[in-house]
Amino acid sequence: RTAAVVTDENSFICIAPSVPNPEIVHFDVLQGGQRLCASTNGFFEYLPAVEIHDLRPSRGPITGQTLVRVVGTGLSGADLRCRFGSNRVFETQHQILSSTLLVCASPTSSVPGIVHVSVELESMGEVDIVHAKKQFLYEPAATLHQVFPSTAGVMSEPVLVTVVGTHFHNADGLSCQFGFYAPTAALFVSSSAITCTAPAGKHGKARLSVSSNGLDFSSTTLPFSFEPLILPRFVNPSRAPSTGGTRISVFLDNPVSQINALSCLFDNLQVAASLATRTQIKCTTPAIANRGRTVLHILTGNVKSLQQRGLDFEVYDAPNIFSLVPNHGPLRGAQYLRLVGSGFEDGKIVVRFGKTILPGSSCAFVTSSEVQVTTPRALQSGVVEVDVSGNNGSDFSEEPVQYTYRQSATVQLVKPSQGASSRAHVLTVIGRDFNEIGTPTCNIGINSTPAQLISTSVVVCLAPPRGVGIVTVTVGSEGSSDRQGNVAFEYLPGTA
């Protein structure tokens with residue numbers, strides 16, 4: 001029995017005594033030991049004691065609506081409610097799942113901070129509040145500003161990305177979600193940066209969001225895309241000078257299309273690239289300080305797929321020509337020429353005369369500073385530029401040297417045609433195009449002597465004494481091996 005306190009002519013208050021176990025008891029009202037009347041229902045129910053053991057999650061944004069799982073005991077009865085601090089959860093925002101699990105949607109909070117979560121039981125206008133020692137942290141919602149890289153390869157290895165924003169929190173539930181893919185754990189860097197791993201996704205676009213409790217994801221999102229996997233097969237050319245500026249083509253094993261933010265990566269140097277065809281990507285090499293072997297990768301959205309094959313690429317010092325010996329020759333070509341310069345490599349040199357490119361097989365490597373070639377034929381006299389390439393003609397030296405093609409002189413007659421072998425003879429050589437060859441010389445047998453140009457068809461030179469016999473007289477230019485004509489001079493016995 002407990003005492004009753006009359007509140008007015010229609011009601012009074014009784015305090016229910018404690019009982020050891022939940023049960024339903026009969027309820028009577030006595031006055032002077034006599035039953036006055038029976039209660040309306042005649043019974044009173046003792047419910048199990050309500051206790052809260054855990055909150056999952058224990059944090060959420062100040063915007064509210066976090067579905068908090070309240071784990072405890074005695075969580076039964078239609079009149080149970082959650083309370084976050086002084087804010088009560090409305091009837092439509094909670095659900096009793098069992099006597100040990102109650103789900104409540106957190107109300108909004110005007111300020112961030114910690115509140116205590118309690119459970120209240122309402123009956124006939126009276127509220128019993130079960131205070132819990134569990135706390136819930138209200139925090140500002142994360143805002144996203146940037147993600148890099150913003151692309152991952154389709155069905156490739158997971159890609160680590162960095163997310164930049166505000167109000168990131170160092171919590172166990174810190175995570176990223178890429179569209180409809182399962183959330184992935186994030187690593188807290190600072191309140192303005194986190195890192196997380198993009199999953200192996202299918203081709204398409206997704207929105208990236210962030211959560212600090214694994215349930216409530218940011219309302220601000222960032223675009224992210226899953227691009228086709230790039231499978232490079234080979235690159236042409238596969239070597240380039242260290243000065244950069246070489247246009248290269250990367251050919252692919254798999255056709256691709258609609259790729260965003262393509263780029264070439266030479267070790268740690270990244271340059272923009274473009275899709276020329278579905279199986280060909282083009283980019284221009286940057287200036288690279290380190291000579292030798294490097295690895296070329298293709299990036300999509302600034303991301304290198306971990307499944308992508310790297311391509312061997314070589315960086316070298318660009319070859320240069322300082323001089324040509326000789327620097328002129330006949331239109332018919334076939335003249336041996338020495339190229340003096342630097343950076344020549346055996347088997348990797350290509351020489352260009354004007355628009356004519358000599359194959360590497362016609363270039364004889366001597367040293368890193370000398371290459372010998374045979375001049376090609378030309379159609380007309382004049383000056384052409386000669387330059388050299390170290391990557392099969394993709395790049396040529398920036399400072400070419402000049403080579404002059406000249407019409408070959410032709411000898412038709414020599415006067416006199418014979419003389420004594422014991423003394424020298426002044427020869428008048430008659431022919432054509434003597435003015436085309438530069439500084440003329442006469443070749444008399446094996447002897448080369450200077451010649452004086454009289455006209456386009458006449459030169460005069462001195463035949464030295466020699467043994468008896470017939471020699472050939474030709475006219476050419478100084479330093480050139482070109483000789484045309486087949487006129488003879490005969491050395492006779494005696495002194496006459």
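Of the contacts in the chain between residues at least 6 apart in sequence, 59% join residues at least 24 apart, where contact means heavy atoms within 4.5 Å. The model is a predicted one, in which local features require pLDDT of at least 70 and side-chain atom pairs count only at pLDDT 80 or more, whereas totals for chains, interfaces and linings use all residues. Residues are numbered from 1 along each chain as its sequence is written, and side-chain values use heavy atoms, with hydrogens and water left out.

The chain comprises 0 helices and 47 strands; these elements are DSSP runs numbered from the N terminus (helices H or I, at least four residues; strands E, at least two). Its radius of gyration, taken over C-alpha atoms, is 49 Å, against a value near 23 Å for a compact globule of 496 residues; the globule rule is 2.2 Å times the number of residues to the power 0.38. Along the principal axes, the C-alpha atoms fill a box of roughly 180 × 35 × 30 Å. Buried residues account for 42% of the 496 residues (buried: under 20% relative accessible area; exposed: over 50%; partly exposed: in between; 1.4 Å probe, protein chains only).

An open sheet of 5 strands with mixed pairing follows the order β32-β39-β38-β34-β35, two strands being paired if DSSP finds at least two bridges between them. Strands β32 (328-330) and β35 (356-358) occupy the edges and have a single partner strand each, so one side of each lacks a neighbour in the sheet. From one strand to the next, the twist averages 30 degrees, with axes given by lines fitted to C-alpha atoms and angles running from 0 to 180 degrees between N-to-C directions. Within this sheet, β38 (residues 382-389) and β39 (residues 401-406) pair in the antiparallel sense over 5 bridges, and Val384 stands opposite Tyr403 in β39.

The structure contains 10 aromatic pairs (rings of Phe, Tyr and Trp, the last by its six-membered ring, with centres within 6.5 Å; stacked with planes under 30 degrees apart, edge-to-face over 60, otherwise tilted). Tyr403 and Tyr405 form an edge-to-face pair, at 5.1 Å centre to centre and 80 degrees between the planes, and both residues are buried. The ring centres of Phe489 and Tyr491 lie 5.1 Å apart with planes at 85 degrees, so this pair is edge-to-face; Phe489 and Tyr491 are buried. Ring pairs also link Phe178, Tyr181, Phe224 and Phe226 into a cluster.

Charged side chains also sit over rings (NZ of Lys or CZ of Arg within 6 Å of the ring centre and within 35 degrees of the ring normal). Arg239 lies over the face of Tyr316 at 4.2 Å from the ring centre, and the charged end of Arg352 is placed over the ring of Phe396, 3.8 Å from its centre.
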